Amino acid sequence: MLTIRTAGVADAATLQQVARESYLHHFAHLWQVAAEMEEFLAEEYNRDTLEAELANPDILWLLAESEGQPIGFAKVCWDRPRPDNSETGALLQKLYLMPEQTGQGYGNQLWDAVLAEARRRGQRSLWLTVLQNNPRARTFYLRRGMESIQTLPFSSASQRSLMDVLAIPLA
């Protein structure tokens, strides 16, 4: 049975471990330079950063657990301006599952929890960015009613790609 709960500061170490493992499984192949990816992970999932975000009321971290074990998470930022029109909405920054947990419907349950909380908070829309060279994630969101509203460049020190901005109205 899946349990989804709001994560708190005490969950920082758990999120750090789950985030790193799930990210490496799902996204390592998209990086051309491993050292650059490691630098990204060190910044993105830095313990101090995670603790600050977990204490921030403008950011929601949901932790998904099965039989007491963490299997995934979602991160949502409230009232963030969309890049296409500056209308504010909920920005879904992350929805990741551990490698062995994909394909079991847990992503749908996390998605539903994110939507429910965004609606409860009165967000007008839910939006996110997804790399075009990540078709599995893109398909997941499009099947849930999101629409592509804009394409933006994404760049790092060593590579360039495109990402789509996807959105779904909530109000």
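**Notebook: loops, sheet and cores**

I started at S86, which sits in the loop between β3 and β4. I am working from a predicted model. The phi of S86 is near 65°, a positive value in a residue other than glycine. Is S86 buried or exposed? At 54% relative accessibility, S86 counts as exposed, because the cut-off for exposed is over 50%.

Next I looked up D79. It is found in strand β3. D79 is not a glycine either, yet its phi is positive, about 55°. Its relative accessible area is 45%, so I noted D79 as partly exposed.

Then I turned to D11, in the loop between β1 and α1 (12–27). D11 has a relative accessible area of 11% and is therefore buried; the limit for buried is under 20%. What does D11 touch, leaving aside its neighbours within four places in sequence? I found R5, T6, L54 and L63 in contact with D11.

**Fold**

I listed the secondary structure: five helices and seven strands. From the N terminus on, I read the order as β-α-α-α-β-β-β-α-β-α-β-β.

I traced the sheet next. It is open, has seven strands and mixed pairing, and its order is β1-β2-β3-β4-β5-β7-β6. Which strands are at the edges? They are β1 (2–6) and β6 (147–155), and each pairs on one side only. I also took the twist: neighbouring strands are turned by 25° against each other on average, direction ignored.

I checked one pair in detail. β2 and β3 are antiparallel and share eight bridges. S66 stands opposite Q69 in β3.

Two helices lie across the strands. I found α4 across β1, β2, β3, β4, β5 and β7. Against β4, α4 runs at about 160°. I found α5 across β4, β5, β6 and β7. Against β7, α5 runs at about 15°.

**Cores**

I then looked for nonpolar cores. The largest one has 27 residues. Which residues have the most contacts inside it? I noted L92, W111, L126 and Y141. Two or more residues come from each of β2 (59–66), β3 (69–81), β4 (88–97), α4 (106–120), β5 (125–131), α5 (135–142) and β7 (160–169). The largest share, six residues, is from α4.

I followed Y141 further. Not counting residues up to four places away in sequence, Y141 touches L92, L95, W111, L128, M146 and L166. Apart from this core lies another, of 25 residues. Its members include A12, M37, L41 and L54. I had met L54 before, as a contact of D11.

**Whole chain**

I closed with the overall numbers. How does the radius of gyration agree with that of a compact globule? For 171 residues, such a globule would have a value near 16 Å; the chain has 15 Å, which agrees. Along the principal axes, the C-alpha atoms fill a box of roughly 40 × 40 × 30 Å.

I looked up burial: 44% of the 171 residues are buried. The accessible surface comes to about 8,700 Å². Carbon and sulfur atoms hold 48% of that surface. Last, I checked contact range. Of the contacts with a separation of 6 or more, 60% join residues 24 or more positions apart.

Notes. Residues numbered from 1 in each chain as written. Predicted model: local features only at pLDDT ≥ 70, side-chain atom pairs only at ≥ 80, totals over all residues. Heavy atoms only, no water. Core = buried A, V, L, I, M, F, W, Y, C linked by side-chain atoms within 4.5 Å. Buried < 20%, exposed > 50% of the residue type's maximum accessible area, 1.4 Å probe, protein only. Helix = DSSP H or I, 4+ residues; strand = E, 2+ residues; numbered from the N terminus. Contact = heavy atoms within 4.5 Å. Pairing = 2+ DSSP bridges. Axes fitted to C-alpha atoms, helices over the stretch in contact; angles between N-to-C directions. Rg over C-alpha atoms; globule rule 2.2 N^0.38 Å. Areas by Shrake-Rupley, 256 points an atom, 1.4 Å probe, with all protein chains shown as cover.
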